[in-house]
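Me: I would like to learn how to read the main features of a protein model. Please give the general idea each time, then the case at hand.

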Amino acid sequence: MADFLSEKGANKLALFVAKSANSQTYAKFLEEKFTENGGSIVFHVDYDENNSDLRTDIAKAKNSGAEAFYISATLGNDGGTILRQIRESGFGGFVTGSVGIESAEFIKAAGSFADTMIYSSPLFDLDGENTKEYANKYRAKYNKDSDAFSANAYDAINLISMAIDKCGGDKPGCIKDFLYQIKDYPGAGGLTTFDKNGDVLKPIMIKTIKDGKFVP
């Protein structure tokens, strides 16, 4: 996302960051990369996800000269509410965010402004070679398309199952070691790799919303 904003010429960024741990982490790494690219963070607020009125902070962000906003939301509801209030303030620049906004709750909260959001997400293609079978089964069971979160959870359970099959129950540390060695696992949620810290590395794509659907 930092590279996307830099490529689009947005050099002054306002951060709206939920107080949850994952939201803070997304914003931390975005800020590091964005400033590395030569941009500057001109406004930063850590917000309570239950606060439904951030208009005062949005006004301050606009007055700071922000050319774009980044919303590191906890869930879709708070992300959608902030986007709507940003657009209602008259801001016409880029409003971007993290994958936490990819939900029906976001679209409901954002209303007619949902289509103006741009966000980063793990690469997930319902028609991908390794995803089709999973996607068809999911659609048949739940009468809707899977999102990336469900597909990643499906992959996680399969990987844990593989680790248990290999390790059994009497080898402390074996499951951890097994998972740390996973490289480019071709799952329903795309390729999955674990790094030396146990964090998951996945290819990333930039997405938006069109006609109520999350699309590249």
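Reply: Start with burial: a residue counts as buried when its relative accessible area is under 20%, and as exposed when that value is over 50%. The model shown here is predicted. Of the 216 residues in the chain, 43% are buried.

Me: What is the radius of gyration of the chain, and what would a compact globule with 216 residues have?

Reply: The chain has a radius of gyration of 19 Å, and a compact globule with 216 residues would have one near 17 Å, which agrees. Taken along the principal axes, the box filled by the C-alpha atoms is roughly 60 × 40 × 35 Å. The accessible surface comes to about 11,700 Å², and carbon and sulfur atoms hold 51% of that surface.

Me: How many helices and strands are there in the chain?

Reply: The chain contains 8 helices and 10 strands. As for contacts with a separation of 6 or more, 64% of them are between residues 24 or more positions apart.

Me: How should I read the side chains along a strand?

Reply: In a regular strand, side chains alternate between the two faces of the sheet. Take strand S5, residues 117–122: Met117, Tyr119 and Ser121 point one way, while Ile118, Ser120 and Pro122 point the other way. Both sets are buried, so the count for S5 is 6 of 6 residues buried, with under 20% as the cut-off.

Me: Which strand is joined to S5 by 3 bridges?

Reply: Strands of a sheet pair through backbone hydrogen bonds, either parallel or antiparallel. Here strand S4, residues 94–97, is joined to S5 by 3 bridges, and the two run parallel. Within this region, Gly97 stands opposite Tyr119 of S5.

Me: Where does strand S1 stand, enclosed or not enclosed by the rest of the structure?

Reply: Strand S1, residues 12–18, is largely enclosed by the rest of the structure, because 6 of its 7 residues are buried. S1 runs parallel to strand S2, residues 40–47, with 7 bridges between them. Leu13 has Ile41 in S2 as its bridge partner.

Me: Which strands are the edge strands in the open sheet S6-S7-S8?

Reply: The open sheet has 3 strands in the order S6-S7-S8, with antiparallel pairing. Its edge strands are S6 (185–187) and S8 (200–201), since each pairs on one side only. S6 is joined to S7, residues 190–194, by 3 bridges, and Pro186 has Leu191 in S7 as its bridge partner.

Me: How do I read a single residue in a helix, for instance Tyr138 in helix H6?

Reply: Look at its cover and its contacts. Tyr138, in helix H6 (residues 132–142), has a relative accessible area of 14% and is therefore buried. Leaving aside residues up to four places away in sequence, Tyr138 touches Asn143, Lys144, Asp145, Ser146 and Ser150. From Tyr138 to Asn158 the separation is 20 residues in sequence and 15 Å in space, C-alpha to C-alpha.

Me: Which backbone angles deserve a second look?

Reply: Most residues other than glycine have a negative phi. Asp184 has a positive phi of about 55 degrees; this residue lies in the loop between helix H8 (174–180) and S6. Asp211 also has a positive phi of about 55 degrees, and its loop is between strand S9 (204–210) and strand S10 (213–215).

Me: How do Asp184 and Asp211 count, buried or exposed?

Reply: Asp184 counts as partly exposed because its relative accessibility is 47%. Asp211, at 67%, counts as exposed.

Definitions and conventions. Residues numbered from 1 in each chain as written. Predicted model: local features only at pLDDT ≥ 70, side-chain atom pairs only at ≥ 80, totals over all residues. Heavy atoms only, no water. Helix = DSSP H or I, 4+ residues; strand = E, 2+ residues; numbered from the N terminus. Rg over C-alpha atoms; globule rule 2.2 N^0.38 Å. Buried < 20%, exposed > 50% of the residue type's maximum accessible area, 1.4 Å probe, protein only. Contact = heavy atoms within 4.5 Å. Areas by Shrake-Rupley, 256 points an atom, 1.4 Å probe, with all protein chains shown as cover. Pairing = 2+ DSSP bridges.
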